[in-house]
Amino acid sequence: MNKVILKKGRDWSVRKHHPWIFSGAVESGAAGQGETVEVVSAEGETLGYGWFSPASQIRVRMVSFDATRVPDEKFVTDLVASSVGRRADFFVDCSTNGVRLVNAESDGLPGLVADLYNGHVVCQFTSAGAEAWKATVAKALMTYVPGCQSVSERADIDVRKKEGLPYAEELVVLEGVQPPALIEIVEGPIRYYVDPRKGHKTGFYLDQRDARAAVGTLAAARDVLNCFCYTGGFGLYAATCGAAHVTQVDISHEAIELAKKNAALTATNPDQTVKNFSTQTVFEHVEADVFKYLRQCRDEGKTFDLIVLDPPKFAESKAQVMKAARGYKDINLLAMKLLRLGGILATVSCSGAMTTELFDKVLAEAAADAHKDFQMIARTRQGADHPVALAFPEGLYLKGVILRSMS
Ligand code: SAH
């Protein structure tokens, strides 16, 4: 096995079990794409083993911090099995059958994401090492996920290019059957169709499950504007909790069409509370650019009781953070102005590079410019199936704040 020797004094992050070794920390050593390497300190101590990525700034991703445990096929299979095992509560609870099974670095499997949609698993492999172990991972998921019917891969993500991995449009089945064109999942009172082939990420934003429920509890009798709605999640939750009116806005035609279908599907849920929603809540679906739509609402003098802002990632890297901050300030300022007294703003940043502190600062500046006072009533974050390893704070990418307007 090839060795990667670290520069003197650059071993401390590995010793704290941070999984990334940047190219600048490497003194010497190379290997093929995705090969397992032994990671050695400048003093010659073996610190563990990682996956080598010659094309990435993150040169090695650690998978074993134990000098005596070389990550072979059994080791990787066990990592997948234990990651699935940590989701046991979800399988027992049954209130949802859309669950993230493997959350990459934070589950000890760098660059591997695996999402379960009602018996069908969809994966993304974004590190050379995860790519190299694809067959093992797929087999392990098929074996250890209860009731698993298929394991597929989506390779249509730009980060694969940074890793020197091929980009492919089409979903590829790795194990089991072809998943259906639309997979039906349950999330509490909501039923959604998930498109595993063309849907965003692996098909759905499972990470906002808890935030959607939190917003629902604040939605009774309210006039709700759900911006960047994708397939409708926050708005559907608000409706099941008795919202009077829900406006769903997204720029994507496909997303809006699926949001409409999801409203109809959820209305067929036998749960009585959900039946009420189909008769009480008035839905409006708008295919529009939120930046323009909010301005249009302002110009028309429209106001709302509850606004959700869940935009796509504005900052891909630290270099883009200031530009992203301007984008967040723009939409938050506009939304704040559209809120009625006592209104709620549930606002989110999914940019990993945007810190909680900076996001709070942007919101405070937006409030000042809107000449309104707000109180923070909750913070939201990615759900328990998207854990954050303590040694890997970068894993916390989804930061939400729920604000109430006091003026
Ligand atoms: N809230 C959603 C997830 C939102 S993801 C949920 O709970 O499932 C971000 C969404 O923003 C995507 O659906 C994307 O199509 C949409 N989007 C991106 N740019 C946009 C823009 N300028 N205006 C409106 N929607 C946009």
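How many bridges join strand S7 to S8, and in which direction do the two strands run relative to each other? In this predicted model, five bridges link S7 (residues 98–103) with S8, and the pair runs antiparallel. One place to see this pairing is Gly 98, which stands opposite Tyr 117 of S8.

Strand S8 also has a partner in S9. Here six bridges connect S8 with S9 (residues 120–125), again in an antiparallel arrangement. Within this pairing, Val 113 has Gln 124 of S9 as its bridge partner. The link between S8 and S9 is a hairpin with two residues between the strands. In the turn, Asn 118 has a positive phi of about 45 degrees.

What about the surroundings of S8 itself? The strand spans residues 112–117 and is mostly covered, with six of its six residues buried. A look at the two faces in turn fills in the picture: Leu 112, Ala 114 and Leu 116 are buried on one side, while Val 113, Asp 115 and Tyr 117 are buried on the other. Both faces of S8 are therefore covered, in the sense that buried means under 20% relative accessible area.

Another strand worth a visit is S4 (residues 36–40), which contains Val 37. Is Val 37 buried or exposed? Val 37 counts as buried because its relative accessibility is 0%. Leaving aside residues up to four places away in sequence, Val 37 touches Met 1, Asn 2, Val 4, Ala 31, Gly 48, Tyr 49, Gly 50, Phe 52 and Val 60. For one of these contacts, Phe 52, the separation from Val 37 is 15 residues along the sequence and 6.5 Å in space, taken from C-alpha to C-alpha.

Attention can now turn to the ligand. Which residues are closest to the ligand? Among the 16 residues that surround the ligand, the closest are Arg 212, Asp 250, Asp 289, Val 290 and Asp 310. The shell as a whole is made up of ten nonpolar, two polar and four charged residues.

Several of the closest residues can be followed down to single atoms. In the side chain of Asp 310, an N or O atom is 2.6 Å from a nitrogen atom of the ligand. For Val 290, the backbone takes this part: one of its polar atoms is 2.9 Å from a ligand nitrogen. In the side chain of Asp 289, an N or O atom is 3.1 Å from a nitrogen of the ligand. On its own, the ligand has 580 Å² of accessible area, and the protein covers 91% of that area.

Terms used. Residues are numbered from 1 along each chain as its sequence is written. This is a predicted model: local features need pLDDT of at least 70, side-chain atom pairs count only at pLDDT 80 or more; totals for chains, interfaces and linings use all residues. Side-chain values use heavy atoms; hydrogens and water are left out. Helices (H or I, at least four residues) and strands (E, at least two) are DSSP runs, numbered from the N terminus. Buried means under 20% relative accessible area, exposed over 50%, partly exposed in between (1.4 Å probe, protein chains only). Contact means heavy atoms within 4.5 Å. A residue is near a molecule or strand if one of its heavy atoms lies within 4 Å of it. A polar contact is a pair of N or O atoms within 3.5 Å; within protein, one must be able to donate a hydrogen and the other to accept it, and residues adjacent in sequence count only if both atoms are side-chain atoms. Accessible areas come from the Shrake-Rupley method with a 1.4 Å probe; for residues, only the protein chains shown count as cover. Ala, Val, Leu, Ile, Met, Phe, Trp, Tyr, Cys and Pro count as nonpolar, Asp, Glu, Lys and Arg as charged, and the others, Gly among them, as polar. Two strands pair if DSSP finds at least two bridges between them.
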